[in-house]
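Trainee: I should like a close look at one part of this model, namely its buried interior and the elements that surround it. Please take me through it in one connected account.

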Amino acid sequence: MVRAIVSNIEISLSKSLGEHILKHQDIALKSARKFNLAISGGSLINVLRAAFIEDKTLASKVDWHQWNIFFVDERIVPLDNPDSNFGAFKKAVLDSLPENKRPTVYTIDEQLVKDGKDSYPLIAMEYEKILPEKLDLVILGCGPDGHTCSLFPGESHRYLLDEKAKKVMWCQDSPKPPSDRITVTLPLLGNSNEIFFVAEGSSKQDIMHEIFDKENLELPCALVNHLYGNKVTWFVNDEAVKKVEKDIQSIN
Ligand SMILES: O=C1O[C@H](COP(=O)(O)O)[C@@H](O)[C@H](O)[C@H]1O
C-alpha cells in the first residue's frame, strides 16, 4: 500500500520531502560510507533547491560529500544544454554549493552524445554500468500524462515498461521533447530500497485522479504504485490532489 504526504500552507512540500530524504541519508550512512540516490529532472529540481539550498536548517544537515547522485532519466543532449537534467540540477543546486562541499554526480558520457544516434544504446549501457548494485532512494516525478522517469504510457513505448533485464534503456521518439533520452526501467525501481514521487500544482490534478481513483495501470506512475507500493511514498500538495476522490491521507 502506497503512502501519501500532503503538504499545505503550514508545511511546505520541500520541507517535508527534505526531512524524509535526510532520514534516508542518515539510515544509509549508518551502515555504508555513501548515500546512493537517483533523482528526476523537471519540477523536482526546484523542490530540491528549495529544500537543500534555500532552507538553511535542512541544508546544514546534508552530508553532500557522502552523496552519490544518479539520474533516473537524462535527455541525450550536451550537459550544458537547457534540456539536460544534469544541467538543470547543476544550475539550481550544485553551483550554489562551495566546491569542496559537493556530492559526486554521475552524468551520461558527453562524448557519446556527440558521436550521434548509433551511440545512444551505448550511452544507456555505460550508464547502467556506473549504477550501484542497489539505490538507497529514488525520487520520481509524475508528468501530466502519467509518465515517470522517461517511461511513457502508450503502445509505442511499451518496450520500455516490458523490459525485464536491462536497468537503463534508450527511449526513442519521446512524446515530450527532446526525443532521445535514457531511462531507468522497472527492474531498477523494484530493486531500490525506497521510492518517492513528487507532484505539485494544478497541472497534475487530472492525472492524480487517474492514478489514485481509477488505478489505471496503463500509466507508468500507477504501475509503479501497483508493483512496488510497499516502498512508495507520494509527496503532493493540496492543489495537485484536488480531484482525487479517495481520502488520500488515509492511504498513509
Ligand atoms: O521529462 C521529464 O518529465 C518528468 C516530469 O516532470 P515534471 O516537470 O512534470 O515534474 C520528470 O520526472 C523527468 O525526469 C523528466 O525528464
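Mentor: The account below begins with the core and then turns to the helices and loops.

The model is a predicted one, in which local features need pLDDT of at least 70 and side-chain atom pairs count only at pLDDT 80 or more, while totals for chains, interfaces and linings use all residues. Residues are numbered from 1 along each chain as its sequence is written.

The largest nonpolar core has 72 residues, and Ile182 and Phe197 touch the most other members. Such a core is a set of buried Ala, Val, Leu, Ile, Met, Phe, Trp, Tyr and Cys residues joined through C-beta atoms within 7 Å. A residue is buried if 20 or more other C-beta atoms lie within 10 Å of its own, exposed if 12 or fewer, and partly exposed in between, with C-beta atoms placed from the backbone. Helix 2 (residues 44-54) gives the core its largest share, six residues. Helices (H or I, at least four residues) and strands (E, at least two) are DSSP runs, numbered from the N terminus.

Ile182 deserves attention in its own right. Leaving aside neighbours within four places in sequence, Ile182 is in contact with residues including Asp73, Ile76, Ile108, Ile123, Ala124, Tyr127 and Trp170. Contact requires that the C-beta atoms of two residues, placed from the backbone, lie within 7 Å.

Three of those partners lead to helix 6 (residues 120-130), where Tyr120, Ile123, Ala124 and Tyr127 are buried. These four cover an arc of only 95° around the axis, which puts them on the same side of helix 6; the arc is that of the directions from the helix axis to the C-beta atoms. The buried residues of helix 6 pack against helix 5 (110-115), strand 7 (168-171) and strand 8 (181-184). Met125 also belongs to helix 6, but counts as partly exposed because it has 17 C-beta neighbours inside 10 Å. From Met125 to Lys167 the sequence separation is 42 residues, and the C-alpha atoms are 8.7 Å apart.

On helix 5 lies Val113, which is buried because 21 other C-beta atoms lie within 10 Å. Not counting residues up to four places away in sequence, Val113 touches Ile76, Val77, Pro78, Ile108 and Ile123. Cys149 is 36 residues from Val113 in sequence, with 19 Å between their C-alpha atoms.

Helix 4 (residues 85-92) adds Asn85, Phe86, Gly87 and Phe89 to the buried residues. They pack against helix 2, strand 3 (67-71), strand 4 (73-75) and strand 5 (104-105). Asn85 is also one of the residues around the ligand, among them Asp73, Ser150 and Lys176; a residue is near a molecule if its C-beta atom, placed from the backbone, lies within 6 Å of it.

The loop between strand 7 and strand 8 has unusual backbone geometry to examine. Most residues other than glycine have a negative phi, and most peptide bonds are trans. Asp173, in this loop, has a positive phi of about 50° although it is not a glycine. Asp173 counts as exposed because it has 10 C-beta neighbours inside 10 Å. Pro178 is found in the loop between strand 7 and strand 8 as well, and the peptide bond from Pro177 to Pro178 is cis, with omega near -5°.
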